[in-house]
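I opened the model today with two things to look up. First comes the DNA contact surface, then the nonpolar cores.

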Protein chains: 2
Amino acid sequence: MSKGEETRAAVLDEAARIVSATGLGGLTIGLLADRMQLSKSGLFAHFKSKEQLQLAVVERAADLYTERVVRPALKAPRGEPRARDLFDRQLRWATGDLALPGGCFFASVAAELDDAPPGPVRDRVVGAERDHADLVANVFRTGLSEGHFRPDADPEQYAFDVKGILLSYHHSGRLLADPKAEDKARTAFEALLQAVSVVE
Amino acid sequence: MSKGEETRAAVLDEAARIVSATGLGGLTIGLLADRMQLSKSGLFAHFKSKEQLQLAVVERAADLYTERVVRPALKAPRGEPRARDLFDRQLRWATGDLALPGGCFFASVAAELDDAPPGPVRDRVVGAERDHADLVANVFRTGLSEGHFRPDADPEQYAFDVKGILLSYHHSGRLLADPKAEDKARTAFEALLQAVSVVE
DNA sequence: CCGATAAAAGCACGACCGTTCGCATCCTGG
DNA sequence: CCAGGATGCGAACGGTCGTGCTTTTATCGG
């Protein structure tokens, strides 16, 4: 890896941390240059515009998420164990050993983009979120074909419900500082699994 | 109401709309002055600082929410009917006839404040969110004392679950433009009610 | 209807924003 | 080891930000 690629990668890592804490709006070239001990113009040269910087940091965050959450979870056995493992890693990604300092990168970004005008950055985030919802639904489908879950359960509904638990967890834990947030999230997930599991 | 109070109120209404769409970070004095056809300095004179403007708009949004969602819902009969009515109005507040143009004011603000340094604005938002979580839990408690819900159900857990449904609804509907978002939210709520209702 | 007072405008400031450009300096392949 | 391109710096630009002043205009009670 050449010197340029190296700094570029380091810059994007720091940028992802900043965005996770302050949102895309809080990512400023001057601030980023300070943190990296680079001049504004020197840093700017790596990305020809701010939009490309934002695009690159979204890409970096998506890679990070795949690396830390998705790929390991897909090694778990199909069905319920995989669903459990994925959920556990999602929790740790939001707050914990897998997390960026500001919590889930996409939770920070999604809220500020939901009413933004269309554009490359928004489109990329929406694409990532849709892909992720599909992934959760597909993990659930492996549980259907393994006979772990009720055949009439809707994978898309499951993905919607899991997303809700995670968002509420992020909200309670980060903003409200509720010490019982993790317990509530795990309780909610157990209740969800219970509801979609085959009757015994 | 004097002329000054009138302008101030109109400014705060417009500010609440802006914040609901773009977050507190998108609320700028110049933009607000343009929208109101006022000069920057003329508008600024109503609030001695930007922080006081932010504080005032949060206050205004909280009043609006109480007016449109909480107070009407509390007129419904105690217990399950009140819980249903409250949830329905919450959905309409997030997207619908009760909503600001950018969706739920607090959904926009909460995400960008979750890792912000403490301060009057953040404190006020956290207070409002805590009060609201308590309100939802208390509505659930009326259902407990009416015998509608299982005595072993946890009101705080219920509030956590409802918040998750609403956040996921906001996310799916606004960002991902999922046409089935409302169906999923209502399905999730019915399942939640089912789970906490007394067995028959 | 007029004079005190409230409301809004006009203008200027320092700070930071993204961006450009010319110049120094480092790395690196031949 | 040296040439030449990759990499980074400094200064400057037009804009917008929040925030003070002073001045003009509108409101409203006596």
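I started with the polar contacts to the DNA. I found a base nitrogen of DNA strand C 2.8 Å from an N or O atom in the side chain of S41(B). I note for the record that this is a predicted model.

Next I looked at the phosphates. A phosphate oxygen of DNA strand C lies 2.6 Å from an N or O atom in the side chain of K50(A). At S39(B) I found the backbone in use: a polar backbone atom there is 2.5 Å from a phosphate oxygen of the strand.

I then listed what surrounds the strand. There are 20 residues around DNA strand C, and T28(A), K50(A), S39(B), S41(B) and H46(B) come nearest. I sorted this surface by class: 12 residues are polar, four are charged and four are nonpolar.

Which helices supply at least two residues each of the surface near DNA strand C? I noted α2 (29-36) and α3 (40-44) from chain A, with α1 (3-22) and α3 (40-44) from chain B.

I also checked the DNA side. Of the strand C atoms within 4 Å of the protein, 64% belong to sugar or phosphate, and the rest belong to bases.

Last, the cores. The largest nonpolar core has 66 residues, with F105(A) and Y158(A) making the most contacts inside it. Helix α4 (residues 50-73) of chain A gives this core its largest share, 11 residues. Apart from it I found another core, of 65 residues, including L27(B), A110(B), F140(B) and V162(B).

I went back to F105(A). Beyond four places in sequence, its contacts include V57(A), V58(A), A61(A) and W93(A).

Definitions and conventions. Residues are numbered from 1 along each chain as its sequence is written. Chains are lettered from A and ligands numbered from 1 in the order in which they are written. This is a predicted model: local features need pLDDT of at least 70, side-chain atom pairs count only at pLDDT 80 or more; totals for chains, interfaces and linings use all residues. Side-chain values use heavy atoms; hydrogens and water are left out. A residue is near a molecule or strand if one of its heavy atoms lies within 4 Å of it. A polar contact is a pair of N or O atoms within 3.5 Å; within protein, one must be able to donate a hydrogen and the other to accept it, and residues adjacent in sequence count only if both atoms are side-chain atoms. Helices (H or I, at least four residues) and strands (E, at least two) are DSSP runs, numbered from the N terminus. Ala, Val, Leu, Ile, Met, Phe, Trp, Tyr, Cys and Pro count as nonpolar, Asp, Glu, Lys and Arg as charged, and the others, Gly among them, as polar. A nonpolar core is a set of buried Ala, Val, Leu, Ile, Met, Phe, Trp, Tyr and Cys residues joined through side-chain atoms within 4.5 Å. Buried means under 20% relative accessible area, exposed over 50%, partly exposed in between (1.4 Å probe, protein chains only). Contact means heavy atoms within 4.5 Å.
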